[in-house]
Amino acid sequence: MTQSHPRISKAVIPAAGLGTRFLPATKATPKEMLPVVDKPAIQYVVEEAVSAGLEDVLMVTGRNKRPLEDHFDRNYELESALGKKGDAERLAKVQESSDLATMHYVRQGDPRGLGHAVLCAAPHVGHEPFAVLLGDDLIDPRDPLLQRMIEVQEQHGGSVIALMEVAPEQIHLYGCAAVEATGDSDVVKITGLVEKPEPADAPSNYAIIGRYVLDPHIFDILRKTEPGRGGEIQLTDALQQLAEDEKVGGPVHGVVFKGRRYDTGDRADYLRAIVRLACEREDLGPDFRTWLRSFVAEEMQER
């Protein structure tokens, strides 16, 4: 018999990072505001949360992140100018971001890691399960990963982590999960977690990607978690404790994702994400793909 668990209604988006891999572009512009085609990366993430039914969104920000708040706020001067021009299409695009969700903001005073950023959300989240979405991972809306994770959490309780199989030599770039099979082909039970292991020490090739559905007991553990890898409070370390003891916060499951994911945290992958999404746009795709084929053909001839 399926057990019923509290319905998830809140999403937390950590967005306090400095974006050093994208300097100098991020010297004065938050990395989350870098455009992916014609929308900032952070808007794709908020849209994903809303599509999964989570319209209460808390963004954990830091210094120099005010543009994030401005983007999801109304801009009456711009809206008025577009209205007077009769530019209904652009006006709708401007208003879309401010109407997406009920947005809240809290500052992470010191950049002490993802675990600390999640802990900053405790007063807002309270005693409810909640989702965490990292802005570097964009999930294609045709592959509803977060919705599936919420379904698994409602069935089993506890916490749910998004996993993806990667090549063994790439596992040192990710958090890694030790897993056991379940009755569902896309769901595993997580028995252990380690942050960025060497390939020889990795328990599997299941990498953690930037989506979590967390039991609120994670806050109690994070308050006691000592700094780990990189001198930061690691969310992975706290989840490891939940996986070790199901009596505190329930089990930890993983949803194995095999859909379309766009990594915007790396410069090369950021460019690939723009190309992929532009190619799939109805308004841009046909002409852009034609140009791209021509460009690639010319490059191949020159080599």
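Which elements each supply at least two residues of the lining of the second largest pocket? I opened the notebook with that. The model is a predicted one, and I kept that in mind throughout.

**Entry 1: the second largest pocket**

I found seven names to write down: strand S3 (39–40), H1, helix H2 (66–71), helix H4 (88–99), strand S7 (137–139), helix H7 (145–156) and H10. I noted a volume of about 850 Å³ for the second largest pocket. Its lining is made of 34 residues, and Lys 39, Gln 43, Tyr 44, Glu 47 and Glu 96 are the closest to the centre. I then asked which element gives the most to this lining. The answer is H1, with 5 residues. By class I recorded 14 nonpolar, 6 polar and 14 charged residues in the lining of the second largest pocket.

Two of the central residues turned up again in another search. Lys 39 lies over the face of Tyr 44, and I put the distance at 4.4 Å from the ring centre.

**Entry 2: helix H1**

I looked at H1 next. Is H1 mostly covered or mostly open? I count H1 as mostly covered, since 10 of its 11 residues are buried. The buried residues include Gln 43, Tyr 44 and Glu 47, which I had already listed among the residues closest to the centre of the second largest pocket. Glu 48 is buried as well, as are Ala 41, Ile 42, Val 45, Val 46, Ala 49 and Val 50. Just after H1, I noted that Gly 53 takes a positive phi of about 90 degrees.

**Entry 3: the largest pocket**

I moved to the largest pocket, which has a volume of about 1,500 Å³. Which of its 48 lining residues are the closest to its centre? I wrote down Arg 21, Lys 31, Leu 134, Asp 136 and Lys 196. The elements that give two or more residues to this lining are helix H1 (41–51), helix H5 (114–119), strand S11 (206–214), helix H9 (235–244), strand S13 (261–263) and helix H10 (267–280). S11 gives the most, with 4 residues. I sorted the lining of the largest pocket by class and got 19 nonpolar, 14 polar and 15 charged residues.

I note that H1 and H10 are listed for the largest pocket, and that H1 and H10 are also listed for the second largest pocket.

**Entry 4: strands S11, S8 and S6**

I followed S11 from the pocket lining into its strand pairings. S11 is mostly covered, with 9 of its 9 residues buried. Which strand pairs with S11 over 4 bridges? It is S6, and the pairing is antiparallel. Within this pairing I picked out Leu 133, whose bridge partner in S11 is Arg 211.

S8 is joined to S11 by 5 bridges, and these two strands run antiparallel. I recorded two facing positions here: Glu 165 stands opposite Tyr 206 in S11, and Leu 163 stands opposite Ile 208 in S11.

Strand S8 (residues 159–165) has a second partner. I found 5 bridges from S8 to strand S12 (residues 252–256), and these run parallel. Ser 159 stands opposite Val 252 in S12. S8 is mostly covered too, with 6 of its 7 residues buried.

**Entry 5: aromatic pairs**

How many aromatic pairs does the structure hold? I found 4. One of them is Phe 130 with Phe 219, a stacked pair at 5.1 Å centre to centre, with 5 degrees between the planes. This pair links distant parts of the chain: Phe 130 belongs to strand S6 (residues 130–133) and Phe 219 to helix H8 (residues 218–224), 89 residues apart. Why is Phe 130 counted as buried? I count Phe 130 as buried because its relative accessibility is 0%. Phe 219 is buried as well, with a relative accessible area of 2%.

Trp 291 and Phe 295 form another stacked pair, 5.2 Å centre to centre and with 15 degrees between the planes. They are 4 residues apart in helix H11 (residues 285–302), so about one helical turn separates them. Trp 291 is partly exposed, at a relative accessible area of 48%, and Phe 295 counts as partly exposed at 37% relative accessibility. I closed the entry with the cluster these two belong to, which is formed by Phe 288, Trp 291 and Phe 295.

Methods:
Residues numbered from 1 in each chain as written. Predicted model: local features only at pLDDT ≥ 70, side-chain atom pairs only at ≥ 80, totals over all residues. Heavy atoms only, no water. Phe/Tyr/Trp six-rings, centres within 6.5 Å; stacked < 30°, edge-to-face > 60°. Buried < 20%, exposed > 50% of the residue type's maximum accessible area, 1.4 Å probe, protein only. Lys NZ or Arg CZ within 6 Å of the ring centre and 35° of its normal. 1 Å grid on protein atoms, 1.4 Å probe; cavity = no way out; pocket = protein on both sides within 12 Å on 5 of 7 lines; lining within 4 Å. Points joined across faces, edges and corners; volume = space filled by probe spheres on them. Nonpolar A, V, L, I, M, F, W, Y, C, P; charged D, E, K, R; others polar. Pairing = 2+ DSSP bridges.
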